[in-house]
Amino acid sequence: MTSWAERVLAGDVRAISRALSAIEDGRAEAEHLLRQLFPHTGRAAIVGITGAPGSGKSTLVDRLAGRYRREGRTVGIVAVDPSSPFTGGAILGDRIRMQGHAADRGVFIRSMATRGWLGGLAERTAEAAWVLDAAGKDVILVETVGVGQDEVEVARLADCTVVVLVPGMGDDVQNLKAGLMEIADVFVVNKADLPDAGRFERQLRAMLEMAPERDGWRPRLLPTVAIEDQGTAPLAEAIDQFAAAMRGKGRESQRRIEHWKRRLVLLLERRLAERVSRQIDERALDALAIQVAAREKDPYAAVDEALAKAGIA
Ligand SMILES: Nc1nc2c(ncn2[C@@H]2O[C@H](COP(=O)(O)OP(=O)(O)O)[C@@H](O)[C@H]2O)c(=O)[nH]1
Ligand SMILES: [Mg+2]
């Protein structure tokens, strides 16, 4: 009998789907599977695509996927949209936009439901990418809405992070979130067909010229018109060039270490939270909160008490 892990490694679609559902639901069996898959990961290029809702991320992802397929590369797509429930409009839209790839066995598309996730968004998304990596996909595109800290963290777990901006939409250069500036390896000004796109691009370019290099790489800025598949070839090239630059400079390992350091911290937090929540239920937490609110106990003492109960401190 072939094991679940073996079937994932062989690229079995149902086994992959089941793995992603287990991760989505936070089931314990997911961890066992991920452990078996781990030695087979690290081969795929994981590309994070982040930006405001409606900026054209799904359209871009679809066009990039088409490009990679024409080059003979297989593609995994993970779309994370915390704002919409699994059956919500945005995800349905993604499905429709991407249905051109539905019959292609070289593309695996999955929307992740994130409702009810208490944190852990970045970690679970990374685990989903890890399954697709083990399943042999060459490029994994992770689409995420770049709004909160969690989403920024998702993007940081990618090998290459693409930040999608659009002219107008209040995305004035001055308003660009510092967080997004920091994580971008490649900036895309999508909807370059809109009026004012040129001005927006020039503003952005001027700002990028002043930004310091990171790992010997200055973030690229590329205009695209995703609906017309314009500019996606240079975008795919820039992503490849970035990967090559990181390899060539031997910096990949440094990035890898930093990457795993962040992930270990995330895992530690999750493990600790799990251990504590097994001992401290909602009512015990309420009782502590009441004491703190009444100034009978300071919050540090309350946390120490919770840790002690969980046998950690
Ligand atoms: N004018 C214009 N519209 C675009 C472009 N790219 C995407 N769109 C449209 O923008 C809307 C949002 O696109 P979508 O890919 O779902 O954005 P997402 O929410 O970031 O994934 C859709 O109606 C797209 O057809 C573009 O380059 N130019
Ligand atoms: Mg989308």
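Two residues are in contact when heavy atoms of theirs lie within 4.5 Å. By this criterion, in the predicted model described here, residues 24 or more positions apart account for 78% of the contacts in the protein with a separation of 6 or more. The protein has 313 residues, of which 46% count as buried. Its secondary structure comes to 13 helices and seven strands. The exposed surface of the protein is about 16100 Å², and carbon and sulfur atoms supply 54% of this area.

The magnesium ion (ligand 2) is coordinated at 2.1 Å by two residues, through OG of Ser-58 and OE of Glu-143. Ser-58 belongs to helix H4 (residues 57-70) and Glu-143 to strand E4 (residues 139-145), so the pair ties together parts that are 85 residues apart in sequence. Both Ser-58 and Glu-143 are buried.

Helix H10 covers residues 232-248. With 17 residues at 1.5 Å a residue, H10 should span 24 Å; the C-alpha atoms at its ends are 24 Å apart, which agrees with the expected value. The buried residues in H10 include Thr-232, Leu-235, Ala-236 and Ala-238. Ile-239, Phe-242, Ala-245 and Met-246 of H10 are buried as well. The helix is followed by Gly-250, whose phi is positive, near 65 degrees.

Ala-238 lies in helix H10. Its relative accessibility is 2%, and because buried means under 20%, Ala-238 counts as buried. When residues up to four places away in sequence are not counted, Ala-238 touches Val-186, Trp-217 and Leu-222. The C-alpha atoms of Ala-238 and Arg-220 are separated by 7.4 Å, although these residues are 18 residues apart along the chain.

Asp-185 is located in the loop between helix H8 (178-183) and strand E6 (186-189). At 2% relative accessibility, Asp-185 also counts as buried. Leaving aside neighbours within four places in sequence, the residues in contact with Asp-185 include Asp-159, Cys-160 and Thr-161. Others in contact with Asp-185 are Arg-214, Trp-217, Pro-219, Arg-220, Phe-242 and Arg-255. Among these residues, Trp-217 also touches Ala-238, and Phe-242 is one of the buried residues of H10.

The structure holds four aromatic pairs. In one of them, the ring centres of Trp-130 and Trp-260 are 6.3 Å apart and the ring planes are at 80 degrees. Planes over 60 degrees apart count as edge-to-face, so the pair of Trp-130 and Trp-260 is edge-to-face. This pair links distant parts of the chain, with Trp-130 in helix H6 (residues 121-134) and Trp-260 in helix H11 (residues 252-279), 130 residues apart. Trp-130 counts as buried, at 13% relative accessibility, whereas Trp-260, at 29%, counts as partly exposed. Phe-38 joins Trp-130 and Trp-260 in one aromatic cluster.

A further ring is found in Trp-4, where the charged end of Arg-18 sits over the ring, 4.0 Å from its centre.

How values were computed:
Residues are numbered from 1 along each chain as its sequence is written. Chains are lettered from A and ligands numbered from 1 in the order in which they are written. This is a predicted model: local features need pLDDT of at least 70, side-chain atom pairs count only at pLDDT 80 or more; totals for chains, interfaces and linings use all residues. Side-chain values use heavy atoms; hydrogens and water are left out. Helices (H or I, at least four residues) and strands (E, at least two) are DSSP runs, numbered from the N terminus. The expected span of a helix is 1.5 Å times one less than its number of residues. Buried means under 20% relative accessible area, exposed over 50%, partly exposed in between (1.4 Å probe, protein chains only). Donors are N, O and S atoms within 2.8 Å of the metal (3.2 Å for Na, K and Ca); water is not among the atoms, so sites may look incomplete. Accessible areas come from the Shrake-Rupley method with a 1.4 Å probe; for residues, only the protein chains shown count as cover. Rings of Phe, Tyr and Trp (its six-membered ring) pair if their centres lie within 6.5 Å; planes under 30 degrees apart count as stacked, over 60 as edge-to-face and the rest as tilted. A charge sits over a ring if NZ of Lys or CZ of Arg is within 6 Å of the ring centre and within 35 degrees of the ring normal.
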